[in-house]
Amino acid sequence: GGALKPCIPNRYWGHMTCALWVAETTIEDTVKMEPIVGLDDIPLDRWRLRCEICRQVSGACIQCHAPNCCRSFHPLCARAAGYHMQVDDLNPQD
């Protein structure tokens, strides 16, 4: 699984790793590393994606950003499967 943290709205729990990889979510208190906020900002279509690895339609998936690739997967599934994941600097300082 992974470390579960409370989310806002309060009725949910989420994986810390997923919160770090899903662009719309953030961690409100970076000292306590909880709660996860921004679930309401995740597009509904993202919640409907099927993970290419576990084949489940649950939780929010992320998608490959390679050209012409639309594969979707849970961040923890991708890590467990050995996928290469990296953070790109979208605002490089020259």
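Reader: Between which two strands is the loop that holds N68?
Author: A word on the model helps here: it is predicted, local features need pLDDT of at least 70, side-chain atom pairs count only at pLDDT 80 or more, and totals for chains, interfaces and linings use all residues. Residues are numbered from 1 along each chain as its sequence is written, and side-chain values use heavy atoms, with hydrogens and water left out. Helices (H or I, at least four residues) and strands (E, at least two) are DSSP runs numbered from the N terminus. On that footing, N68 lies in the loop between β5 and β6.

Reader: Is N68 buried or exposed?
Author: Buried means under 20% relative accessible area, exposed over 50%, and partly exposed in between, using a 1.4 Å probe and protein chains only. Phi of N68 is near 65°, a positive value in a residue other than glycine. Because its relative accessible area is 86%, N68 counts as exposed.

Reader: Which strands are at the edges of the open sheet?
Author: Two strands pair if DSSP finds at least two bridges between them. Four strands form the open sheet, in the order β2-β1-β4-β3 and with mixed pairing. The strands that pair on one side only are β2 (13-15) and β3 (26-29).

Reader: By what angle are neighbouring strands of this sheet turned against each other on average?
Author: Axes here are lines fitted to C-alpha atoms (for helices, over the stretch in contact), and angles run from 0 to 180 degrees between N-to-C directions. For neighbours in this sheet, with direction ignored, the average is 50°.

Reader: What is the bridge partner of I27 in β4?
Author: β3 and β4 (residues 34-37) run antiparallel and are joined by three bridges. One of the pairs in this part of the sheet puts T26 opposite V37. For I27, the partner in β4 is I36.

Reader: Which residue in the turn of the β3 and β4 hairpin has a positive phi?
Author: The hairpin has four residues between its two strands. The residue you want is not a glycine, yet its phi is about 60°. At 30% relative accessibility it counts as partly exposed, and it is M33.

Reader: Which residue does a cis peptide bond join to E34?
Author: The partner sits in strand β4. Omega of this cis bond is about -10°, and the residue joined to E34 is P35.

Reader: How many residues make up the largest nonpolar core?
Author: A nonpolar core is a set of buried Ala, Val, Leu, Ile, Met, Phe, Trp, Tyr and Cys residues joined through side-chain atoms within 4.5 Å. Members of the largest one include V22, I42, C51, C61 and F73. Apart from this core lies another, of six residues, among them M16, I27, I36 and L39. For the largest core, the count is nine.

Reader: Why does C61 count as buried?
Author: C61 lies in the loop between α2 (44-47) and β5 (62-63). Contact means heavy atoms within 4.5 Å, and, leaving out residues up to four places away in sequence, C61 touches R46, L49, R50, C51, S72, F73 and H74. C61 is buried because its relative accessible area is 0%.

Reader: How many disulfides does the model hold?
Author: A disulfide is counted when a pair of cysteine sulfur atoms lies within 2.5 Å. For C51, which is buried at 0% relative accessibility, the closest cysteine sulfur is in C54 at 3.7 Å, so the two are too far apart for a bond. For C70, exposed at 62%, the closest is in C69 at 6.3 Å, which is also too far. By this rule the count is zero.

Reader: Which residue's backbone oxygen does the side chain of S72 reach?
Author: S72 is in strand β6 (residues 72-73), and because its relative accessibility is 4%, S72 counts as buried. Beyond four places in sequence, S72 touches residues including L49, C51, E52 and C61. A polar contact is a pair of N or O atoms within 3.5 Å; within protein, one must be able to donate a hydrogen and the other to accept it, and residues adjacent in sequence count only if both atoms are side-chain atoms. The side chain of S72 makes its contact at 2.7 Å, to the backbone oxygen of R50.
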